[in-house]
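Thanks for coming. I will walk through one structure today, chain by chain, and then turn to the places where the chains meet.

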Amino acid sequence: MSAPFRLGAGGRIDRSRKLRFWLDRKAYEGVAGDTLASALLANGVHLVGRSFKYHRPRGIMAAGSDEPNALVSVGSGSRFTPNLRATQVELTDGLVAQSQNRWPSLGRDFGALNDVFSPLFPAGFYYKTFMWPKSAWKRIYEPKIRAMAGLGRAPTLPDSDTYTQRYAHCDALIVGAGPAGIAAALAAEAHGARVILCDEQAELGGSLLAETKATIDGKEASAWLSDALSRLSHSPNVRWLSRTTAFGCFPHNMVGLAERLTDHLPSPSEGRPRERLWQVRAKEVVLATGALERPLVFPDNDRPGIMLADAARQYLARYAVKPGTRVVVVTAHDQAYRAATELAEAGVEIAAILDIRQDASGSWAEQARGAGLHILSSTTICATSGRHRVSSVEIAPVGRDGKVGPRSRLACDLVLMCGGFTPAIHLFSQARGKLRFEERLNAFLPDGGAEGVRCAGASRGIFGLDAAIADGVAAGEAAARDAVGGGVEAAHSPVPLPKDLDGRRLDPLPHDRSPHRVKAFVDFQNDVTAKDVKLAVREGFRSIEHIKRYTTTGMATDQGKTSNMNALGIAASALDKPLPDVGLTTFRMPYTPVTFGTFAGVARGELFDPVRVTPTHDWASAHGAVFEDVGQWKRARYFPLKDEDMHRAVARECQAVRQSVGVFDASTLGKIEIVGPDAAEFMNRIYVNPWSRLEPGRCRYGVMLREDGSILDDGVVGRLAADRFHVTTTTGGAAQVLNHMEDFLQTEWSGLDCWLTSTTEQWAVIAVQGPDSRKILERLVDDIDLSAAAMPHMSVREGHVCGVPARVFRVSFTGELGFEINVPADHGRAVWQAVLDAGFSRSLTPYGTEAMHVMRAEKGYIIVGQDTDGTVTADDVGLSWAIGKTKKDFVGKRSLARPALSDPGRKQLVGLVTEDPELVLEEGAQIIAEEPTASHRSAPHKMIGHVTSSYFSATLGRGIALAMVAGGRRRMGETLYVPMPEGSIKAVVTNPVFLDPEGKRLDA
Amino acid sequence: MPDLSQARRSVLEGLGSSDGAHGALSLLPPISRLIFRGRISTIGRVAAAFGVEPAMEPCRAAVSGERAALWLGPDEWLLLAREGEAPAIIGRLADALAPLSYSLVDVSHRQVGLKVTGEDAQAILNAGCPLDLDRHAFPIGMCTRTLLQKTEIVLWRVAEAAFQLEVARSFAPYALRFLQQAERDL
Amino acid sequence: MLLIDCPFCGKRPELEFRYAGEAHIARPADPSGLGDEAWGRFLYGRGNPRGMHAERWRHLNGCGRFFNALRDTTDDRFAATYKIGEERPMVAEPQGARKA
Ligand SMILES: [Zn+2]
């Protein structure tokens, strides 16, 4: 089981810590420091997945987050994550991974038939083929296609991990801890900046982690790295985050980071969050995100065993893994010579280096030549073979005329390719930075335009260790200067390109085969070939954004890391346009996929949303209350006894209030205290009602409109003093009403001397309602005269309830004699208990919102938002009596004079009673005027209104409803029809006040 | 008739304070709270009567003994005092300010006080508060309404490593649980 | 997430603010003196410029103040914020601005 391709020495791994892991139920061994990819390669495993569309066998191609092929699922059950790049999965003991997109197994996959029939699957195939018949798409095509395609499968169990989030601020955020990033962090720190440095890898260092020979400042690269990290870790001004991907750049230098906290641990300790979302606001951002190696586009360039050249070098240098035994290198760039040379030094046989260029004279090429490596210039690859691993390539010389010469065959088990490097400008582009095309690199480079964001090192085309470090220092100093001021005026301009890092190629390599029969892949993850891109152009697509969508190149989780430039090059050639004129597709966030959990953070379960409860909540809960959600509030809906259902509980609660007395928690009502000499004037302007002559100690039902004349909110208002009003609002309207009032006070009437204070949460409100309510209050209050004469309906008194300072309102939303006791909230629970105790002998009955709703509907009292919507005026619901007729103006008054708002045909509030008293209409049901007959049951009927509230009234012994009906007040006594699936229901229009229309009970 | 005037029952009763290992969270005992709103010309007399000169500078708290005045807006201050003092303060300000117009409302029960202390205080708060809490950006004595994840808070830095929070009563359990979770997740 | 410069509190995260519609639309002093047409324009007539837009914001979870802002609708940048009652400051119209 030991790994045959692991070198005996070298690498940043710990050979003494052996780790056992599984891929598709086969066990392997790796060591600490491995990624899943490096451990598989150490075991000689290249084949790790099947491709997205053609189900072709695929192997590990890259060494980092740019890996397009090696997507695996890791874990199981509630800790199952699909689509992880094997190159980013840190190996842990016992890790269980599965390959994806294969059935029944990686070796034998029926979906690979797609590859055999691939001439049938050109670009746009799905769009073109599955068009007819339309109905078949939903039933047949889509389910089948979805079952075959897709990346991995979704987890089936709720995620058992937790996630957390944090906001952070810094002077300089440095993304990428390669040589440029570390240099930038050191420089920024030295200039007094608060620095955050993040890197997606487990170890900071970037390309330094694969530098075995280079020296920096006279030190070995690895020593320089550890010194630098030690300096950064000792600085109180630096926070560095490994395993942390900067996945998106947002306005004003907000950068999203996803930090992976536990995935690298063999068994996550209980309760530790798995990932943390950082929302970093940086004064300055330095992007040192490096560059991505490009593959070359040649026939069958996707076999397992065909890798990026520098990726292979990294496996060797960092993980001490030989990715093969006999290697063919194909390149358009000098960097591949370095890979070949280092592999040769490690004892790997280099069969040949094929350079598509006519000559390579850089220092890496010279070194390779000096080492005696077999170099063939002007040579291409025409074919590769090998079913689950490349076994040979067919190569051919390319003449000066571009003609491909005779082929010869080279046996090999590894092909390394290098088409150049693409600066990783994704984040810069997201920050709305401008890009310019650099001919010498065949790459887009950052070109300013992103305020407070600068790139450093390879991400702006500056290659080579020394140059990258110098550029990082300059960027770090400049960032510090811009963020905190002071420091030196550092130049931060491009450094000339070193000659030995030259070379590039975007076009497919020439070959001698029929272009219609070969697959030369451009986007490996999305299975897009050069042929597909050309086809898209032939079919008339001109914009790169359209070509992207038609072919799917550069889409999805990969966002074109390895494929963008090649696709663009091919499209530009096909369009016969200079590459910069073809443009670039948008770089979308996230740079690499971020879990949903990271975005959700702790917002799950009880922290999903605040749950607001009233002071009596625990009592209600202990007494079996069934709660309903009203916004974020939990309100007791009813209090069932033993086996009562809602219907019976509500009937009992209503009867208690109507016959003796009930108690209700109304604490959620919004409350605003309006204070100041101009308070009454302000009230006059905000409400339809007149307030000037309301005496202190009295209450009034107030209605307020929006400026367009529709009802905004309502509620009882008590005048406590000439300059003090206690306003109540609906539960849901509290915040909106306060905002509405502040708006007018601050912007339109800033000369008024009055001020608003929200007191919703100051007061617990206990409503005691029913004929016996006064008798109960009299036992609890000794400093307020509660008699009908001294305290009539709609009055308010300040005094004490059980010694607690209280505001006692005589108001009623039930139609009965009733009081609402307001006490400071922390006393609410105790006073509630005192009320219950005082009412014990009178069978005081707690009631919930459902009984409250039934009783108010019996009285025809509206609920704003239930019986009204944004179109309903005060007159529509019969509240024009409330309007102060002599007031010159109030919010909404002018709109009421518009012709449409006084049309007699408007919908008006009416009562509806069903012919069958047992029937309860459905809220929201439509109302029509004519009885539908069997012959035109399906004919369209004019809908003249709808049911807004509907309940069974135990008091009246029948179903009652409130409805908005066109011209409703002129229809009293008319029979209307409510069509339902089971047939229409007859209902008669009545006055909306069903009970005690004279209000005798209120005045008791 | 029972006398319940002494029995204040916090909404956080029974919810505990710090159950994380860091011990950073504590619940503050009941106090008196008043919202003063009025024109700036009244502030001098408030200072004399209340014993603390409310700050004119935005987002600053003024403290004297056990009393504090927190700037919440250009015409709004939160006055804090010992439990039970609200009625007397209302009376004293009425005497001192007459005949000027202003608004003074007792909100002692409207909100709940929490404290986050220790070297992790900033990190705990930044789990849900989007402000820069570095001592240069948010110095001692700074106070402001802001957000803690899905609830509004008043945040006040009372010491280098101590923040006081005022949370609306019905949001307090959420805020406390959120902070407890943030403490566990450090 | 944008940073918005509250005229009272300084730069604060967008989360604390609420948008409150177009700015500089004063409520007529005497609505009853207005014809239906003119009142309708006051109620519903709003600009939708591509470019600099004068708009109201409220620092809801902060000082609670309404204030005015000039925001470039093409890229969301705030060119200026100013207190209610202050005049709209002069700022350069962005390139490609278009009244609509
Ligand atoms: Zn503000």
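I start with chain A and its contacts. Counting pairs with a separation of 6 or more, 67% of the contacts in chain A are between residues 24 or more positions apart. Please keep in mind that this is a predicted model.

On secondary structure, chain A has 24 helices and 49 strands. Its C-alpha trace spans about 115 × 75 × 55 Å along the principal axes. The radius of gyration of chain A is 38 Å, whereas a compact globule of 1004 residues would have one near 30 Å. Of the 1004 residues in chain A, 60% are buried. The chain exposes about 38,500 Å², and 53% of that comes from carbon and sulfur atoms.

One helix in chain A is worth a stop. How many of the residues of helix α23 of chain A are buried? The helix covers residues 849-858, and 10 of its 10 residues are buried. Among them are A:Met852, A:Val854 and A:Met855, but also A:Glu850, A:His853, A:Arg856 and A:Glu858. What do these buried residues pack against? On the strand side, the partners in chain A include β31 (626-630), β32 (633-638) and β33 (662-665). Two further strands are β46 (943-953) and β47 (958-966), and the helix α18 (646-659) is also on the list. Just after α23(A) comes A:Gly860, with a positive phi of about 75 degrees.

Next, chain B. Chain B has four helices and 10 strands. Read from the N terminus, the order of its elements is β-β-α-β-β-β-α-β-β-α-β-β-β-α. The C-alpha atoms of chain B fill a box of roughly 55 × 50 × 25 Å along the principal axes. Its radius of gyration is 17 Å, which agrees with the value near 16 Å for a compact globule of 186 residues.

Of the 186 residues in chain B, 59% are buried. Taking contacts in chain B between residues at least 6 apart in sequence, 61% join residues at least 24 apart. The accessible surface of chain B is about 6,900 Å², with 51% belonging to carbon and sulfur atoms.

Now the interface of these two chains. In chain A, 57 residues are in contact with 47 residues of chain B. Together the two chains bury about 4,400 Å², and carbon and sulfur atoms give 52% of this area. Which three residues of chain A supply more of its buried area against chain B than any other three? They are A:Tyr167, A:Trp755 and A:Asp826, with 18% of what chain A buries there.

Chain C also meets chain A. Here 29 residues of chain C are in contact with 28 residues of chain A. The area buried between chain C and chain A is about 2,400 Å², 46% of it on carbon and sulfur atoms. On the chain C side, C:Met1, C:Arg27 and C:Arg77 lose the most area to chain A, together 30% of what that side buries.

Another residue to look at is C:Arg56, which lies in strand β4 of chain C. Is C:Arg56 buried or exposed? It counts as buried, because its relative accessibility is 13%, and the cut-off for buried is under 20%. Leaving aside residues up to four places away in sequence, C:Arg56 touches A:Asp743 and A:Thr747 of chain A. Within chain C, its contacts include C:Arg18, C:Tyr19, C:Glu22, C:Phe66 and C:Asn68.

Last, the zinc ion. Which protein residues are its donors? They are C:Cys6, C:Cys9 and C:Cys63, each through SG, and C:His59 through ND1, lying 2.0 to 2.4 Å from the zinc ion. The donor residues follow the sequence spacing C-x2-C-x49-H-x3-C. The pair C:Cys6 and C:Cys63 links distant parts of the chain, 57 residues apart. C:Cys6 sits in strand β1 (residues 3-6), and C:Cys63 is in the loop between β4 (52-58) and β5 (66-72) of chain C. C:Cys6 is buried, at 2% relative accessibility, and C:Cys63 is buried too, with a relative accessible area of 2%.

Why is the arrangement around the zinc ion tetrahedral? The four donor atoms subtend angles of 104 to 117 degrees, so the arrangement is tetrahedral. For reference, the ideal angle for four tetrahedral donors is 109.5 degrees.

That is the end of the walk-through.

Definitions and conventions: Residues are numbered from 1 along each chain as its sequence is written. Chains are lettered from A and ligands numbered from 1 in the order in which they are written. This is a predicted model: local features need pLDDT of at least 70, side-chain atom pairs count only at pLDDT 80 or more; totals for chains, interfaces and linings use all residues. Side-chain values use heavy atoms; hydrogens and water are left out. Donors are N, O and S atoms within 2.8 Å of the metal (3.2 Å for Na, K and Ca); water is not among the atoms, so sites may look incomplete. Four donors count as tetrahedral if all angles lie between 85 and 135 degrees; four count as square planar and six as octahedral if opposite donors are over 155 degrees apart and all others between 65 and 115; anything else is irregular. Helices (H or I, at least four residues) and strands (E, at least two) are DSSP runs, numbered from the N terminus. Buried means under 20% relative accessible area, exposed over 50%, partly exposed in between (1.4 Å probe, protein chains only). The radius of gyration is taken over C-alpha atoms; the globule rule is 2.2 Å times the number of residues to the power 0.38. Contact means heavy atoms within 4.5 Å. Accessible areas come from the Shrake-Rupley method with a 1.4 Å probe; for residues, only the protein chains shown count as cover. Buried area is the accessible area (1.4 Å probe) that two parts lose on being put together, summed over both.
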